[in-house]
Amino acid sequence: MSVRRRRLTAVGIAAALAVTTAACAQSDRGSDSNSNANTTQDTGNAGAAGESGPAGTPAAGSGAAGSGAAGSGAAGGAAPSGSGGAAAPADIPANADLNATFTFAAAGAPEMFDPLYGTDGETFRPARMMFEGLVRSKPGTADLEPQLAESYTSSPDGLTWTFKIRKGVTFSDGTPLNAEAVCYNLDRMYSQTGAGAVQAEYWSSNMGGFKGQKDSAGKEVPSIYKSCKADGDNAVITINRFTSKFPAILSLPSYSIQSPTALKKYKANDVKQSGEAFTYPAYATAHPTGTGPMLFQAYDRTNGTITLVRNEKYWGPKATVAKLVFKIIPDETARKQALQAGTIQGYDLPNPADWDSLKESANLLIRPAFNIMYLGFDFKNNKALQDLKVRQAIAYALNREDFVASQLPEGAEVAQEWYPKTVDGWTPDVQQYPYDPEKAKQLLAEAGQQNLTLNFWWPTEVTRPYMPNPKDVFTSFSQDLEAVGIKLNVTSKPWNGGYLDGVTARKPDLFLLGWTGDYNTPDNFIGSFFSSESNDFATFETPWGKTFDQEIADADSIPDKAKRDAAYVALNKKIMSEYMPGVPISSSPPALVVAKNVSGIVPSPLTDEDYTHAIITKG
Amino acid sequence: MLRYIVRRLAQLVVVLLILSLLLFFWLRLLPGGPDSAICGERCTPEQRTALRSAMGLDQPIWTQYLKYLGRIVQGDFGTSGFVEPGVPALEVFWHRLPATIELTIAALIFALVLAIPLGYFAARRKGSLLDSTGVVVSLLGVAVPVFFLAYLLKFVFAVKLHWLPDSGRQGDINATRVTGFFVLDGLITREWDAAWDALKHLILPAIALGFIPFAVIFRITRGSVIDVQNEDYVRTAESKGLTTSVIRRRHILRNAMLPVVTVTGLQVGALLAGAVLTETVFAYPGLGQATQIAFQNRDYAMLQILVLASAVTYMLVNLVVDLSYALIDPRIRTR
């Protein structure tokens, strides 16, 4: 007995020692939150427009053959009527417990339960179980398919989109889903004002302005959205300009279709600013009403749990879990121990350092990588960086291959350009920057910058899906840069404690950041990085910044998918050979982990997993 | 006595006003802000500007302070942005307070019930096995960091042995909420399973949190009893032929308790600090966990209320300790 106790204690001490370091590095809400992505992708291969429906488009003949009708921004096509909607559960084994509760750890509290105002993953995770959109991403992919729409078609110019609304679907308050309800939702989103407009961040990021919104100069803020009209079973959405992002945008959880009756009854738009935060109406805190497989039951703030129950009237395959509980456990080590103790059956974004041990004791679900980490340059303060040779020298100086192999989880790849391979327009035919310190020194000498000093910033107190351990990244690359003679002034700051502010204020010359894709369009990556006039790289301070911005906008506005992809290929080549606003480092697959007796969850590149059809086996 | 209490409470108000001013400016001078925490890397600079403007963070800091004071006068302590987004900070404070009080009481009970008797008997049998063991354990208690002990206890008793829960205040159980004190609620509503479940959730965090106070109180009790039992008045009492129990109760324990009460009061303050780590490790949704989340995400409204509340607690506990001297030591009462 005493021997056994001693051994347990020893094991315990060893384990506690192992977690000591992690204890202080709190897994912040931010660390998980912004992986929220939910995206959709233009598959581009769902069959030519002509095959799948009323083409009304020269697409097939104009090189768009093979462009995805189901995909976003493939104008003039029709999406195949999707099996869409709810995923049919995989073969349900005999020992599956269909009355089970699936408890998943959340890293933080949700903001509320109205996805329109959601900005983080902890808000979107429960929302995805209760709400559905017109379209969604196919399980396990970033490809688009219909969901509450049975199918959809677009006009040749890509400005008018007709969504045939699925019949027989009701909201959880018993009211029917129809084209009027869909248009009510889109008009509601577009009509946000005041605090609601500030909080509806995924509208402003993707659609642009709100109805009647003016900027500080009094100019109207342009919006992609124009109108939505109910026409029988169809909701006809008109947009102001063609963008490759539409209709992929509609797969984001913020664009979920909610019950108009409940929205009105519980004053869903009544968001108010209060001090440095926002307050939400009863709809968002206690009465979220969607069409999804789960219903909201309770948010027990005193116990830190959110409980959803099976929607027995769900239009698709019923949930295979009776109850879904999100238990708030902010500390990552505590989440891991809760899984080991059996208190929870899953959690998101386990530390890659734990992957091997988790593979033995649980099911580790590795997602396809859909993110990018980069070393950004800021052109404003250090004029040396305006010389292309200096920027290329930095790229040659970084041993990205070794870093990815030794520091990132399995499946990670060196990034050759500014978005992952699976996104349209990616090409291997860009200028390559293999590790070559001699070439780096030579370029620095040619630029007359042998005594170059750079301000290098890196973040602490954070992990991101694309950057599991910022210190490792900094350590590797600072050594590489110093090895070619570049002197570094190093600044490290907490992510929410000055790092992001510093980058936005353009204090660093070099900084580490990244992005998890929302849907499969190049614009979601490079448009987000470089299109704003005050972007982090200060590209508008360079002679080529405006041209670069225009090239991004031009590519996004080409309705013909093949031509658009070609434009992005050309742009990617130019970015990597002429612009080099930074060095893309890697795409890294994040993971989630569930208990051994849990199956049926398909890891999504967009963190868009469906827990409602998880299979929990007894015994 | 009453005048003394009123004077002390008046001091408390002044201290709070000064503290609120310092706190307001200190928080806003910290790098980062709630807009960074909300935006992460995803906001465009324009969105960030709009957010800062909507939150009033673009206004001069004195304007912000005056607005803040104006809201406080109306009883509005702001809204939590992260701990429980969208909920008034005061409401978050009140519904998390029972959790932390419940945990603190459990930790104090653990510390006092063990430390005072053990400290007393260790002193009475100085040099015995009990004494030596007690001294070593108490040394460990003050040397081992709270979070280390918390992870260790959890690993052994929750993860490996599955004897006790690892996190939270209650499992997936139908429980009626009445006071917010889960154990008490279970007893009031006669939901025995809920009360038992809540109690099981308290055991490990209470031990982790109460271990330092246990160690400190044990050492003070032991030292104090050793000092007191060698005092002349104890020898006089013995020579008068008083019974051992009378000597223990009236002459040793009572006199030895003065420093113990002082230290216990100070330890209540230490418990609040320890609760930040303990509640984080055990995912226990109390004020300690709220403090950690609020600081990390610059939840100004919550931080303001949490720091002010802990200042009030410290000062009230000190007041109670001072008053308790009068109860224990009649010489102070007469002064």
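This is a guided tour of a predicted model, going from chain A as a whole to its sheet, its helix H12, the contact with chain B, and helix H12 of chain B.

**Chain A as a whole**

Begin by selecting chain A and colouring it by secondary structure, which brings up 19 helices and 23 strands. Of the 619 residues in this chain, 60% are buried, and among the contacts with a separation of 6 or more, 73% join residues that are 24 or more positions apart. Next select residues 144–535 of chain A, where UniProt, in an unreviewed entry, places the feature "domain: Solute-binding protein family". The C-alpha atoms at the two ends of that span are 29 Å apart, and its residues are 29% helix and 24% strand.

**The seven-stranded sheet**

Staying in chain A, select strands S10, S11, S12, S1, S13, S21 and S14, which in that order form an open sheet with mixed pairing. At the edges stand S10 (294–300) and S14 (362–366), each with a single partner strand, so one side of each has no neighbour in the sheet. From one strand to the next, the twist averages 20 degrees.

Within this sheet, isolate S13 (residues 346–348) and S21 (residues 591–595) of chain A, which pair in the antiparallel sense over three bridges. Which residue of S21(A) stands opposite Tyr347(A)? If you label the pair, you will find that Val593(A) is the one facing Tyr347(A).

**Helix H12 of chain A**

Now move to residues 388–397 of chain A, which make up helix H12, a mostly covered helix with eight of its ten residues buried. The buried residues are Val390(A), Arg391(A), Gln392(A), Ala393(A), Ile394(A), Ala395(A), Tyr396(A) and Ala397(A). To see what covers them, add the surrounding elements of chain A, which include strand S15 (371–377), helix H14 (437–446), helix H15 (470–483) and strand S20 (582–587).

**Where chain A meets chain B**

Show both chains and select the residues in contact between them: 62 residues of chain A and 64 residues of chain B. On the chain A side, the largest share comes from helix H1 (residues 2–24) of chain A, which supplies eight residues. Coloured by class, that same side of chain A shows 24 nonpolar, 28 polar and ten charged residues.

**Helix H12 of chain B**

Finally, select residues 287–296 of chain B, which form the helix H12 of that chain; nine of its ten residues are buried, so this helix is largely enclosed by the rest of the structure. The buried residues are Leu287(B), Gly288(B), Gln289(B), Ala290(B), Thr291(B), Ile293(B), Ala294(B), Phe295(B) and Gln296(B). They pack against helices of both chains, namely H16 (495–504) of chain A together with H5 (89–124), H11 (244–281) and H13 (300–328) of chain B. Just after H12(B), stop at Arg298(B), which takes a positive phi of about 55 degrees.

Keep H12(B) and H5(B) on screen and draw their axes, which come within 8 Å and cross at roughly 130 degrees; the two helices are therefore oblique to each other. Which residues of H5(B) meet H12(B)? Val92(B), Arg96(B), Leu97(B) and Thr100(B) do so, and they meet Leu287(B), Gly288(B) and Ala290(B) in H12(B). By class, the residues of this contact between H5(B) and H12(B) are four nonpolar, two polar and one charged.

Definitions and conventions. Residues are numbered from 1 along each chain as its sequence is written. Chains are lettered from A and ligands numbered from 1 in the order in which they are written. This is a predicted model: local features need pLDDT of at least 70, side-chain atom pairs count only at pLDDT 80 or more; totals for chains, interfaces and linings use all residues. Two residues are in contact if their C-beta atoms, placed from the backbone, lie within 7 Å. Helices (H or I, at least four residues) and strands (E, at least two) are DSSP runs, numbered from the N terminus. Ala, Val, Leu, Ile, Met, Phe, Trp, Tyr, Cys and Pro count as nonpolar, Asp, Glu, Lys and Arg as charged, and the others, Gly among them, as polar. Two strands pair if DSSP finds at least two bridges between them. Axes are lines fitted to C-alpha atoms, for helices over the stretch in contact, and angles run from 0 to 180 degrees between N-to-C directions. A residue is buried if 20 or more other C-beta atoms lie within 10 Å of its own, exposed if 12 or fewer, and partly exposed in between; C-beta atoms are placed from the backbone. UniProt positions are given in the numbering used here, feature names are shortened, and annotations may be inferred rather than shown by experiment. Angles under 35 degrees count as roughly parallel, over 145 as roughly antiparallel, 65 to 115 as roughly perpendicular and the rest as oblique.
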